[in-house]
Amino acid sequence: MAGTFPKGFLWGTATAAHQVEGGNTASDLWLMEWMKESLFAEPSADACDHYHLYPQDIAVLKGLGFNTYRFSIEWARIEPEEGFFSKAALDHYRRMIATCHALGVTPMVTFHHFTAPLWFTRDGGWETSRSVDRFARYCEKAGAALGDLLPYVCTINEANIPIMVTMMRRAVGIAGGGSRRERALAEAARLCGGEAGKFAPYLSGNGIATAPNLISAHRKGYHVLKGLTEGKVGITLALNNFQCEEGGEELFKTADHAINGQFLQSLKGDDFVGVQTYTRVRFGKTGVLPPPEGAERTQMNYEFYPESLEATIRQAAKESGCPVIVTENGIGTEDDTRRIAYTERALQGVLNCLKDGIQVGGYIHWSMMDNYEWLEGYRPKFGLVEVDRTTQARKPKPSAYWLGEIAKRNAT
Ligand code: BGC
């Protein structure tokens, strides 16, 4: 069913620094990608060389019809040693943000997207309460350098994903779990001269311990940034649609509160909440249930379930009381026709929410281009634009033109 979106709707694509820039050598993950016990399928290496090629990438996005670009600035580049803030790195991001403005693209900048400086992770990462002030200090420095150019800021990307990963790891046993993960953390600590047991990267640390610090870091970062920019400030959350099947009531309730509820309920009064959705998670008698038999799966082995977006927008709006922006939604697939099919159904969900008076300010697709999918390396293809990683040539896929046309029309 065709539908129109509100005036000023943000139509964008997203990336994260470590996944596209290349050469993020002062980060925790760079070390973890190259070491012997690595959990990563391959290192990020040069990635898509977006650090240098951003002007052409932003121009491609604009040419396709999008009006917004969500990307992250890299803490590990900006504060590669504790207390040293690189003016050169901040100037780089200032140029990048200025390029968006010059091309008529609204920049939405995330301050923390999974990676952190090695010194931070070596010293306990988000598991220590010192992380809160460390993050606030970084927000203060980067906010002072960039704030006047920022219409939208996301403090932390998917602040609830560490606890989700930890709880799921315990419930079902996922990649990188168990002793392999412990061996990797021990090797990383040893290589960087840290203490065993203290090295705590965002996604493979103890998410139960990090949740309160991440909530406090967002609150503190939010207030710091509100003083340094006139733009809107919010957080983004990984909100896959949790569904309860018979016998799964208790686990569903505990998981939904720990992973979704406690974060959403802490956001009252924020300028927006960023909703990021990929699939659904079903809870049953035996715990987390696999996708139903015969269900289509994506390259991430997730169930193809675009309806998750509508459900999570509704949940986010209701529990946080904040306006929603879809800051990530997409699918890992080699079959671009499935990307179109997925996005078409997801957008119908956005329209249904708008019809019911829920404030949704934009739809930002993950991802602008094929990039480094963390543990999975370069295999999963989430991009609207294909990247030849030998030549770094870009080629928009049919889905990019299709979604760009919707963006131009502001209507499906
Ligand atoms: C993250 C991205 C990631 C995407 C697809 C989100 O959880 O923010 O960095 O690439 O999902 O898996």
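Visitor: Why is R314 called partly exposed?

Guide: This is a predicted model. In it, R314 has a relative accessible area of 27%. Partly exposed covers the range between under 20%, which is buried, and over 50%, which is exposed. R314 is therefore partly exposed.

Visitor: What makes R314 and E310 a salt bridge?

Guide: Their closest N and O atoms are 2.9 Å apart. The cut-off is 4 Å, between a side-chain nitrogen of Lys or Arg and a carboxyl oxygen of Asp or Glu. The pair therefore counts as a salt bridge. Both residues lie in helix α12, residues 308-320. They are four residues apart, about one turn of the helix.

Visitor: Which residues are joined into one network by salt bridges that share partners?

Guide: The network holds E79, E82, D123, R130, R134, R137, E195 and K198. R137 and E82 form a salt bridge, with the closest N and O atoms 3.0 Å apart.

Visitor: Where do R137 and E82 lie in the chain?

Guide: R137 is in helix α7, residues 130-146. E82 is in the loop between α4 (75-78) and α5 (87-103). They are 55 residues apart, so the pair links distant parts of the chain.

Visitor: Are R137 and E82 buried or exposed, or in between?

Guide: R137 has a relative accessible area of 27%. E82 has 41%. Buried needs under 20% and exposed needs over 50%, so both residues are partly exposed.

Visitor: What makes R183 and E37 a salt bridge?

Guide: Their side chains meet at 3.3 Å, N to O. The limit is 4 Å, so the pair qualifies. R183 sits in helix α9, residues 178-191. E37 is in the loop between α2 (28-34) and α3 (50-64). The two are 146 residues apart and link distant parts of the chain. R183 is partly exposed at 42% relative accessibility, and E37 is partly exposed at 25%.

Visitor: How many salt bridges does the structure hold?

Guide: It holds 27.

Visitor: How do you know that Q19 makes a polar contact with the ligand?

Guide: An N or O atom in the Q19 side chain is 2.8 Å from a ligand oxygen. The cut-off is 3.5 Å, so this is a polar contact. A polar side-chain atom of H113 also lies 2.8 Å from a ligand oxygen. For N157, the distance from a side-chain N or O atom to a ligand oxygen is 2.9 Å. Taken alone, the ligand exposes 310 Å², and the protein buries 94% of that.

Visitor: What classes of residue make up the shell around the ligand?

Guide: Five are nonpolar, four polar and three charged. Among the residues around the ligand are Y278, E328, W366 and F382.

Definitions and conventions. Residues numbered from 1 in each chain as written. Predicted model: local features only at pLDDT ≥ 70, side-chain atom pairs only at ≥ 80, totals over all residues. Heavy atoms only, no water. Near = heavy atom within 4 Å. Polar contact = N/O pair within 3.5 Å; in protein donor to acceptor, adjacent residues only side chain to side chain. Areas by Shrake-Rupley, 256 points an atom, 1.4 Å probe, with all protein chains shown as cover. Nonpolar A, V, L, I, M, F, W, Y, C, P; charged D, E, K, R; others polar. Buried < 20%, exposed > 50% of the residue type's maximum accessible area, 1.4 Å probe, protein only.
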